[in-house]
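Here are some worked exercises to try with the model open beside you. Have a go at each task before reading its solution.

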2 protein chains.
Amino acid sequence: MTAVTIQCCAPIAREPLSESDAADLAVMLKAVADPVRLRLLSMIGSHAGGEACVCDLTDAFDLTAPTISHHLKVLRTAGLISGERRGTWVYYRIIPEAVNRLGALFTPLAEPVSA
Amino acid sequence: MTAVTIQCCAPIAREPLSESDAADLAVMLKAVADPVRLRLLSMIGSHAGGEACVCDLTDAFDLTAPTISHHLKVLRTAGLISGERRGTWVYYRIIPEAVNRLGALFTPLAEPVSA
């Protein structure tokens, strides 16, 4: 009668995760479980054209360039973003398949499923 | 006038996260960024009626009861599950609003952004 019909529909709430899926997903979630990395990810994803220059990202934080580079490397190693050097700067994009996998883990479907 | 109403519902990909939202979300993500806790969350959510007894959860792992209790406490402290003692056992449920918030974070990021 209350919110139970909503919680039943999230993929995470439909069947138990396998050990190997849980291990994979935990690696990606560890990469995003940091305020700076979350903000970097959202800045890259919301940038015009879906691509952000490391120069723009660094300017947005009160952190050194090496610190930002470290955080970007963590996101890249986890397979969440890709980077391409063009001239002086590296340009970053979200890897949609990886981010979708995280979203699909938590996002409920539109239709309620009875318990 | 057209797709703006859809884009408005995809906050992270359309505008960068604020510092305070990023800090809140990072706390929740740290709680789920662990293979055992991800599996616990999916077991609770997929259990009949959306509720799981701690006794069933403990049996599913090759871990001690205190270790499982620790992981459940982390999920509970992060606001992702609630627990209710009835008789001998504690019964856990997913808190849909919290899980939905994580889903809403990632799903829009994977969508194409117009230049």
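**Exercise 1. A serine in a helix**

Work out whether Ser42(A) counts as buried or exposed, and what its side chain reaches.

Step 1: Ser42(A) has 0% relative accessibility, so it counts as buried (buried means under 20% relative accessible area, exposed over 50%, partly exposed in between, with a 1.4 Å probe and protein chains only).

Step 2: Place the residue: Ser42(A) sits in helix α3 of chain A (helices are DSSP runs of H or I with at least four residues, strands are runs of E with at least two, numbered from the N terminus).

Step 3: Look for its partner: the side chain of Ser42(A) comes to 3.1 Å from the backbone oxygen of Arg39(A).

A quick note on the ground rules. This is a predicted model, where local features need pLDDT of at least 70 and side-chain atom pairs count only at pLDDT 80 or more, while totals for chains, interfaces and linings use all residues. Residues are numbered from 1 along each chain as its sequence is written, chains are lettered from A and ligands numbered from 1 in the order in which they are written, and side-chain values use heavy atoms, with hydrogens and water left out.

**Exercise 2. The faces of α5(A)**

Check the span of helix α5 of chain A, then find which of its residues are buried and which are exposed.

Step 1: Helix α5 of chain A (residues 65-77) has 13 residues, so at 1.5 Å a residue it should span 18 Å, and its end C-alpha atoms are indeed 18 Å apart (the expected span is 1.5 Å times one less than the number of residues).

Step 2: Pick out the buried set in α5(A): Ile68(A), His71(A), Leu72(A) and Leu75(A). Viewed down the axis of α5(A), the buried residues fall within an arc of 100°, so they line one face of the helix (the arc is that of the directions from the helix axis to the C-beta atoms). As a reminder, an α-helix has 3.6 residues a turn, so residues three or four places apart point the same way.

Step 3: Turn to the other side of α5(A), where Pro66(A), Lys73(A) and Thr77(A) are exposed.

Step 4: See what covers the buried residues of α5(A): the cover includes α2, α3, α4, β2 and β3 of chain A. Past the helix comes Gly79(A), with a positive phi near 80°.

**Exercise 3. Salt bridges between strands**

Find the partner of Glu51(A) and say how exposed each of the two is.

Step 1: Glu51(A) pairs with Arg86(A) in a salt bridge, with the closest N and O atoms 2.8 Å apart (a side-chain nitrogen of Lys or Arg within 4 Å of a carboxyl oxygen of Asp or Glu).
The pair links distant parts of the chain, with Glu51(A) in strand β1 and Arg86(A) in strand β2, 35 residues apart.

Step 2: Glu51(A) counts as buried because its relative accessibility is 17%, while Arg86(A), at 37%, counts as partly exposed.

Step 3: Now chain B: Arg86(B) forms a salt bridge with Glu51(B), again given as 2.8 Å between the closest N and O atoms. Glu84(B) also forms a salt bridge with Arg86(B), at 3.1 Å.

**Exercise 4. Between the chains**

How many salt bridges are there between chain B and chain A?

Step 1: The count is zero.

Step 2: For polar contacts across this interface, the rule finds four residue pairs, both residues at pLDDT 80 or more (N or O atoms within 3.5 Å; within protein, one must be able to donate a hydrogen and the other to accept it, and residues adjacent in sequence count only if both atoms are side-chain atoms).

Key
Contact = heavy atoms within 4.5 Å.
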